[in-house]
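Biologist: Could you take me through this structure slowly, and tell me at each step what the descriptive words rest on?

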Amino acid sequence: MYDIIVVGGGPAGMTAALYALRNGKSALVIEKNGFGGQMTNSPKIENFPGTEQISGNELADAMMDQILAQGADIEISEVTGIRSEEHRKVVTTEDGEFEAKAVIIATGVKHRMLGLPGEEELVGEGISFCAVCDGDFYTDKVVCVAGGGNSALQEAILLSDKCAKVIMLQDLPFFTGEQKLQDILFARPNVETHVNKAITAMSHDANGLRGVEITDRTSSIRKFISCDGLFVAIGLIPENEQFENLADLDENGYFDTGEKCNTKTPGIFVAGDCRHKNIRQITTAAADGTIAALAACRYINGL
């Protein structure tokens with residue numbers, strides 16, 4: 001039996017493991033895909049303290065090397081459920097069960113996709129999700145931004161400082177983001193807007209994305225727009241449903257917990273982007289991992 005099992009190997013999960021190990025607890029980190037989470041999609045990170053510039057993969061590797069050196073165990077498998085029993089938690093995976101005194105859930109989120117054929121294959125080949133991360137690749141080029149909320153508007157503002165043209169594509173009849181953000185963005189001469197238009201197809205060649213087809217939701221008239229890149233900003237999806245018997249979820253499916261990162265189930269804690277919060281960054285994920293790990297250690301010490 002482990003002291004702590006961490007579900008998820010992103011920055012929140014690996015920070016949680018680090019603090020657990022530094023407090024003399026044994027820790028297992030279970031990750032279903034690759035360690036690092038969303039940050040591995042970022043070729044250049046410039047806002048992580050102590051690093052002027054680092055790629056997401058490099059930062060993930062450094063975090064993983066650090067917890068392995070401290071004695072962490074890792075398991076590549078998908079967690080399918082957690083049972084809370086007296087003085088122990090049983091974590092069920094596709095490859096078997098693991099026991100611990102406490103569990104930290106740090107499953108992160110995934111980007112909501114448009115659901116078009118070939119979309120997944122174009123991620124990193126013309127489709128991006130982060131202007132801060134990938135905007136430099138499109139300097140003096142034409143990009144489209146899918147979405148109309150605050151995130152989409154903020155992405156577009158950053159892109160309009162670099163790109164020759166930014167084309168906003170909103171499938172609703174109006175933009176839903178804050179009016180102040182709209183005023184800033186739409187005053188820029190290199191920004192073009194389309195509302196009530198759905199992206200219905202993509203065009204690409206061996207070099208990546210070459211444009212998108214948009215369809216008017218009222219008239220069904222179609223139009224092709226040439227672009228070098230598409231930034232998708234239509235929301236994030238948490239994957240917390242299998243844990244809702246252990247921790248309350250808000251209306252959007254995020255863990256409805258406060259800054260203490262605890263849940264309604266003693267010994268179950270949450271950390272990172274999967275939690276209801278206003279800001280989702282590597283630094284805030286790491287902060288959650290710290291808080292959850294120390295809370296888990298206090299819980300174990302009190303058993």
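**Reasons behind the words**

Modeller: Let us start with Tyr299, which is partly exposed at a relative accessible area of 21%; please keep in mind throughout that this is a predicted model.

Biologist: Why is Tyr299 called partly exposed?

Modeller: Buried means under 20% and exposed means over 50%, and Tyr299 has a relative accessible area of 21%, so Tyr299 counts as partly exposed.

Biologist: What makes the pair of Phe269 and Tyr299 edge-to-face?

Modeller: The centres of the two rings are 6.3 Å apart, which is within the 6.5 Å required of a pair, and the planes stand at 70°, over the 60 degrees required for edge-to-face, so both conditions are met. Phe269 belongs to strand β17 (residues 268-270) and Tyr299 to helix α7 (residues 282-301), so that the pair links distant parts of the chain, 30 residues apart. As for Phe269, its relative accessibility is 6%, and Phe269 therefore counts as buried.

Biologist: How many aromatic pairs does a search of the whole structure find?

Modeller: The search finds three aromatic pairs. Another one of them joins Tyr138 and Phe231, with 5.5 Å from centre to centre and 75° between the planes; since edge-to-face asks for over 60 degrees, this pair is edge-to-face as well.

Biologist: Why can one say that the pair of Tyr138 and Phe231 ties together parts of the chain?

Modeller: Tyr138 lies in the loop between α4 (131-134) and β9 (142-146), whereas Phe231 is in strand β15 (residues 229-232), so the pair ties together parts that are 93 residues apart in sequence.

Biologist: How do you know whether Tyr138 and Phe231 are buried or exposed?

Modeller: Tyr138 has 9% relative accessibility and Phe231 has a relative accessible area of 1%; with the limit for buried set at under 20%, Tyr138 counts as buried, and so does Phe231.

Biologist: Turning to the helices, why are α1 and α2 called roughly parallel?

Modeller: Helix α1 (residues 11-22) and helix α2 (residues 56-70) pack at an angle of about 25°, with their axes 9 Å apart, and because angles under 35 degrees count as roughly parallel, α1 and α2 are given that name. Their crossing is left-handed. Among the residues that meet are Met14, Leu18 and Leu21 in α1 and Met63, Met64 and Ile67 in α2, and by class the contact of α1 with α2 holds nine nonpolar, two polar and one charged residues.

Biologist: At what angle do the axes of α1 and α7 cross, and what would make that angle oblique?

Modeller: The axes of α1 and α7 cross at roughly 40° and come within 7 Å; because this angle is neither under 35 degrees nor in the range from 65 to 115 nor over 145, the crossing counts as oblique. The crossing of α1 and α7 is right-handed. Residues that meet here include Ala12, Ala16 and Tyr19 in α1 and Ala286, Gly289 and Ala293 in α7, and the contact has 11 nonpolar, three polar and no charged residues.

Biologist: What makes α5 and α6 roughly parallel?

Modeller: Helix α5 (residues 150-160) and helix α6 (residues 179-186) pack at about 25°, their axes 10 Å apart, and as this angle is under 35 degrees, α5 and α6 are therefore roughly parallel. The buried residues of α5 include Leu153, Ala156 and Ile157, and what covers the buried residues of α5 includes α4, β9, α6 and β15.

Biologist: Why does Ala233 count as buried, and why does Asn245 count as exposed?

Modeller: Ala233, in the loop between β15 and β16 (236-238), has a relative accessible area of 16%, under the 20% limit, and is therefore buried. Leaving aside its neighbours within four places in sequence, Ala233 is in contact with Ala146, Gly147, Ser151, Ala152 and Glu155. Asn245, found in the loop between β16 and β17, has 51% relative accessibility, which is over 50%, so Asn245 counts as exposed. With neighbours within four places in sequence again left aside, Asn245 is in contact with Ile82, Lys264 and Thr265.

Conventions
Residues are numbered from 1 along each chain as its sequence is written. This is a predicted model: local features need pLDDT of at least 70, side-chain atom pairs count only at pLDDT 80 or more; totals for chains, interfaces and linings use all residues. Side-chain values use heavy atoms; hydrogens and water are left out. Axes are lines fitted to C-alpha atoms, for helices over the stretch in contact, and angles run from 0 to 180 degrees between N-to-C directions. Helices (H or I, at least four residues) and strands (E, at least two) are DSSP runs, numbered from the N terminus. A crossing is left-handed if the near helix is turned anticlockwise from the far one by less than a right angle, and right-handed if clockwise. Contact means heavy atoms within 4.5 Å. Ala, Val, Leu, Ile, Met, Phe, Trp, Tyr, Cys and Pro count as nonpolar, Asp, Glu, Lys and Arg as charged, and the others, Gly among them, as polar. Rings of Phe, Tyr and Trp (its six-membered ring) pair if their centres lie within 6.5 Å; planes under 30 degrees apart count as stacked, over 60 as edge-to-face and the rest as tilted. Buried means under 20% relative accessible area, exposed over 50%, partly exposed in between (1.4 Å probe, protein chains only).
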